[in-house]
Amino acid sequence: MRKDKKDLYRFLGAEKFQKVVFYLEKMKYEIIERFFPNIKNSYEKISDKRFQKKLKKEPIENQYLLLVEHQNQKLVFRKELTYRQNRNYHYNENYPTKFIKYLEWNKRLHIKGMKKDTVVLIGTVVFTLLLGNPLPLVSAVLILKNAISLIIDFECVNLQNYNLCRFQKKETYALLEKIEEKKREENLEKLRESIQPVSKVVTNQVELPSVNQVVNEISTLEQTRQLLEYAKAQYQYMKNAEEQRRR
């Protein structure tokens with residue numbers, strides 16, 4: 001039954017639409033690189049201002065966790081720019097269940113969009129029929145705009161259904177949870193000595209630290225070795241991603 005559904009989603013254009021999504025993603029980062037080279041600084045400056053306002057309304061016991069989340073969001077944005085990949089478009093073997101949750105959230109979002117598009121379309125048509133189309137240009141624009149939006153929302157829902165077919169089975173999800181926990185433990189083991197000093201400098205200020213600030217917190221050879229190994233792994237990942245984009 002699940003295979004039949006996957007075939008249906010494929011027939012409705014899931015794989016073709018996914019290619020369109022990845023093409024638009026590629027174009028997005030090419031435009032950012034060419035026309036908005038300072039977007040990272042602008043994003044972080046705006047984020048820091050919003051964080052400072054939000055911080056004033058939070059009780060003291062919540063402020064550290066709020067800072068950690070704030071810094072994580074900025075790091076994720078930097079990762080997007082570096083890898084040229086939207087955070088939720090690509091499967092991350094370290095956090096497979098997060099990818100599934102994103103698919104489910106995105107599906108709900110576009111279902112709401114489909115409902116809204118349908119209501120506007122029906123409302124516009126009824127309004128036009130009842131009043132004899134007093135504003136033909138406005139009606140035509142509204143109908144065209146929402147028809148296109150409805151198609152896009154439908155294809156987004158169809159694509160998420162197609163991707164969810166691979167993960168939603170209870171046994172599969174349970175296995176992914178185990179894999180995620182194992183990966184987390186392996187990463188903690190690989191970086192056990194360097195996590196504390198890096199975390200300390202990241203959460204010691206609102207602005208993300210510079211490379212020199214991070215290096216200054218490293219005090220042992222083991223911490224240095226672990227960070228170098230991590231940097232090599234990330235470089236290899238970026239190299240592989242770049243090769244895939246060129247294919």
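The legends below accompany three close-up views of a predicted model.

**View 1. Helix α2, with its buried and exposed faces.** Let's start with helix α2, which runs through residues 14-35 and so has 22 residues, as computed by DSSP. From the first C-alpha to the last, α2 reaches 31 Å, close to the 32 Å expected at 1.5 Å a residue. Look for A14, F17, V21, E25, Y29 and I32, which are buried. These residues sit on the same side of α2, because they cover an arc of only 120° around the axis. The spacing is a familiar one: an α-helix has 3.6 residues a turn, so residues three or four places apart point the same way. Turn to the face away from this buried side and you will meet the exposed residues K16, K19, E33, R34 and F35.

**View 2. A nonpolar surface patch that includes V126.** Here I122, V126, F127, L130 and L131 come together as a nonpolar patch on the surface. Together they offer about 500 Å² of accessible area. V126 belongs to helix α5, residues 96-131. With a relative accessibility of 39%, V126 counts as partly exposed, because that class lies between the buried limit of 20% and the exposed limit of 50%.

**View 3. Q223 and the residues it touches.** Our last stop is Q223, found in helix α10, which spans residues 221-246. Q223 counts as buried because its relative accessibility is 8%, and buried means under 20%. Leaving aside residues up to four places away in sequence, Q223 touches E193, S194, P197, E217 and I218.

How values were computed:
Residues numbered from 1 in each chain as written. Predicted model: local features only at pLDDT ≥ 70, side-chain atom pairs only at ≥ 80, totals over all residues. Heavy atoms only, no water. Helix = DSSP H or I, 4+ residues; strand = E, 2+ residues; numbered from the N terminus. Buried < 20%, exposed > 50% of the residue type's maximum accessible area, 1.4 Å probe, protein only. Contact = heavy atoms within 4.5 Å. Patch = residues over 30% accessible without salt bridge, like charges linked within 9 Å, V, L, I, M, F, W, Y side chains within 5 Å. Areas by Shrake-Rupley, 256 points an atom, 1.4 Å probe, with all protein chains shown as cover. Salt bridge = Lys/Arg side-chain N within 4 Å of Asp/Glu carboxyl O. Expected span 1.5 Å × (residues − 1). Arc of directions from axis to C-beta.
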